[in-house]
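Q: I have a structure open and would like to learn how to read it. Could you walk me through some of its features?

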Amino acid sequence: MPLARVVAVAPGSPADRAGVQAGDEVVAVNGEHIRDIIRYRMQTDEPDVELQLQRCGAEQQVTIGKRPGESLGLELQSAVFDRVQTCDNHCPFCFIHQLPAGMRRSLYLRDDDYRLSFLYGNFTTLTRFTEADFERVVTEGLSPLHVSIHATDPEVRTKLLRNRRGATSLRWLALLLEAGVEVHGQIVCCPGINDGAVLHDTMLGILDRFPRLATVGVVPLGVSAHNQEPDMRPHTRAEAVAVLDAVETWQSRARDAIGRTLVYAADEYYLLAGRPFPALADYDGCAQHENGIGMAATLRAEVASARGGAPIARPAHSGFFASVDGAPADGYRAPRTSGVPGCSVAEGEKGANTDVWIVTGELGAPVLEPLVDDLAATAGATVHLLAVRNEFFGGNIGVTGLLTGVDIAAALRSVPARARVLLPDVVLSRDRFLDGTTLADLGRPVEVVATDGAALVAALAA
């Protein structure tokens, strides 16, 4: 029987007034043994909520009254109370297979759970999707979902997933779209396997069979130094150009056929190809911003708007977690820091420094480079970019979000001791880097700044 452990109770909340404590386990809500945070939210959206709790092995009933729209005030340990549906594919490009040994156990979990797709924007292949899952998604309105397509040709998709159900599982995508579920698709493009003619065939298949898809993102595979798949390799510049040409061709065809752009390429392709990024308006709201699509255009627009005194709003996160009482933020959306003391330089020191260093990944540097003069004018100081090479993962891994503490610490040794160092918070999750190190392990004070243009401008102007 699934249990949901309470990790925190908001002081003064309805649950606090009713005597619910951290460490209690929720057995049932309004008589229902709930499997996940989604059902929890639906059951607790009532004026009177009856909790069946287990505390120190003993069960008790608690009835909680609350005002309309008021949350119970509980934070639960996880979003899924039964078992996460793990992935039974064996994709050769899967980055989790390319992680070095010895990292945190949670980083090795491969999920293929439609609930996490709905809650957090994780991509699912639908190879473990069932009739019961479909009925629940439609009945409870679990939308949007995020689906990994990779190829519409059954044989190619089976090869990419290394799962015979890959040939047929896209039938669920068609049914979901017909039922009115919003779905965002993804194609991880692997050189020599699903690029070239296969990519064109996939785009044709999408426009023919799945035109109701909200967006489709084409992203390159990451190849770390720990990759054990000889067929997996980074794109060459010529291949990146070909991918962009294909995407632009099918953008035009989609606009002609269904009146919208539909397919978008990851920012990394424009960097690899040496092409300018499209205008922010061309991304139609940046629905796949967190998938690395439209990030550069968004950042540049944010910086320009913030410097002009009119900050723009960043695209809303996909996923349902933000509106769910009790749902723990996870993955990309986990809290970056908890305000660890001693990690930021004192206010009095900032004005004394004439040099500011912005930490970024190797792929982030060319995005920030055109902004350096404007950022320097904002800071009233010289602004430098510290492009950190990712030695921890190696390979072609150059995004800022995958930088580790050990690599950042090594790069910071070349930065003058009294310089201001701005560290984007995307490298942290609950105060830790991916390698498990903390800000204290960097060996010097840094200022953690939210990873958006307005926050960067505000930090430089402070």
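Q: Let's start with a helix. Which residues of α8 are buried?

A: Happy to help! Keep in mind that this is a predicted model. Buried here means under 20% relative accessible area. In α8, that holds for E239, A240, V243, L244, A246, V247, W250, Q251 and A254.

Q: Why do the buried residues of α8 line one face of the helix?

A: Here is the general idea. An α-helix has 3.6 residues a turn, so residues three or four places apart point the same way. Now the case in hand: looking down the axis of α8, the buried residues fall within an arc of 160°, so they line one face. On the face turned away from that buried side sit the exposed residues R237, A238 and D256.

Q: What do the buried residues of α8 pack against?

A: Their partners are β7, α7, β8, β9 and α9 (267–273).

Q: How far does α8 reach, and what follows the helix?

A: From first C-alpha to last, the 22 residues of α8 reach 31 Å, close to the 32 Å expected at 1.5 Å a residue. Just after α8 comes G259, with a positive phi of about 80°.

Q: Now for another helix. Which residues are buried in α7, and what covers them?

A: In α7 (residues 196–209), the buried residues are L199, T202, M203, G205, I206 and L207. Their cover includes β7 (183–189), β8 (215–220), α8 (237–258) and β9 (263–265). As for its span, α7 has 14 residues and reaches 20 Å, close to the 20 Å expected.

Q: Strands β7, β8 and β9 keep coming up. In what order do the strands of their sheet lie?

A: The order is β6-β7-β8-β9, an open sheet of 4 strands with parallel pairing. To find the edges, look for strands with a single partner. Here these are β6 (145–148) and β9, so one side of each is left without a neighbour in the sheet. On average, neighbouring strands are turned by 25° against each other, direction ignored. You can also zoom in on one pair: β8 and β9 run parallel and are joined by 3 bridges, and V218 has A265 in β9 as its bridge partner.

Q: Where are the edges of the sheet β11-β10-β12-β13?

A: This is another open sheet of 4 strands with parallel pairing. Its edges are β11 (382–388) and β13 (447–449); each has a single partner strand, so one side of each has no neighbour in the sheet. The average turn between neighbouring strands is 30°, direction ignored. Inside the sheet, 3 bridges join β10 (residues 355–361) to β12 (residues 420–424), and I358 stands opposite L422 in β12.

Q: Which helices pack on that sheet, and at what angles?

A: One is α14 (residues 405–412), which touches β10, β11 and β12 and makes about 135° with the direction of β11. Another helix, α15 (residues 453–461), lies across β10, β11, β12 and β13, running at about 165° to β12.

Q: Parallel or antiparallel: how do β2 and β3 run?

A: Strand β2 (residues 25–29) and strand β3 (residues 48–55) run antiparallel, joined by 4 bridges. Across this pair, E25 stands opposite Q54 in β3. Then β3 pairs with β4 (residues 58–65) over 8 bridges, also in the antiparallel sense, with V49 opposite I64 in β4. The hairpin of β3 and β4 has 2 residues between the strands, and C56 there takes a positive phi near 55°.

Q: How many residues are in the largest nonpolar core?

A: The general idea comes before the count. In soluble globular proteins, nonpolar side chains tend to be buried together. The largest core here has 108 residues, and those with the most contacts inside it are V20, L51, L74, L173 and L213. The helix we began with returns: α8 gives the largest share of this core, 7 residues. A second, separate core of 20 residues includes V388, A411, A419 and L442.

Q: What does L173 touch?

A: Leaving aside residues up to four places away in sequence, L173 touches L126, V147, I149, V183, F210 and L213.

Q: One last residue: why does V367 count as buried?

A: Buried means under 20% relative accessible area, and V367 has 9%, so V367 counts as buried. This residue lies in helix α12 (residues 365–368). Beyond four places in sequence, V367 touches L271, F277, A296, L299 and R300.

Key
Residues are numbered from 1 along each chain as its sequence is written. This is a predicted model: local features need pLDDT of at least 70, side-chain atom pairs count only at pLDDT 80 or more; totals for chains, interfaces and linings use all residues. Side-chain values use heavy atoms; hydrogens and water are left out. The expected span of a helix is 1.5 Å times one less than its number of residues. Buried means under 20% relative accessible area, exposed over 50%, partly exposed in between (1.4 Å probe, protein chains only). Contact means heavy atoms within 4.5 Å. A nonpolar core is a set of buried Ala, Val, Leu, Ile, Met, Phe, Trp, Tyr and Cys residues joined through side-chain atoms within 4.5 Å. Two strands pair if DSSP finds at least two bridges between them. Axes are lines fitted to C-alpha atoms, for helices over the stretch in contact, and angles run from 0 to 180 degrees between N-to-C directions. The arc is that of the directions from the helix axis to the C-beta atoms.
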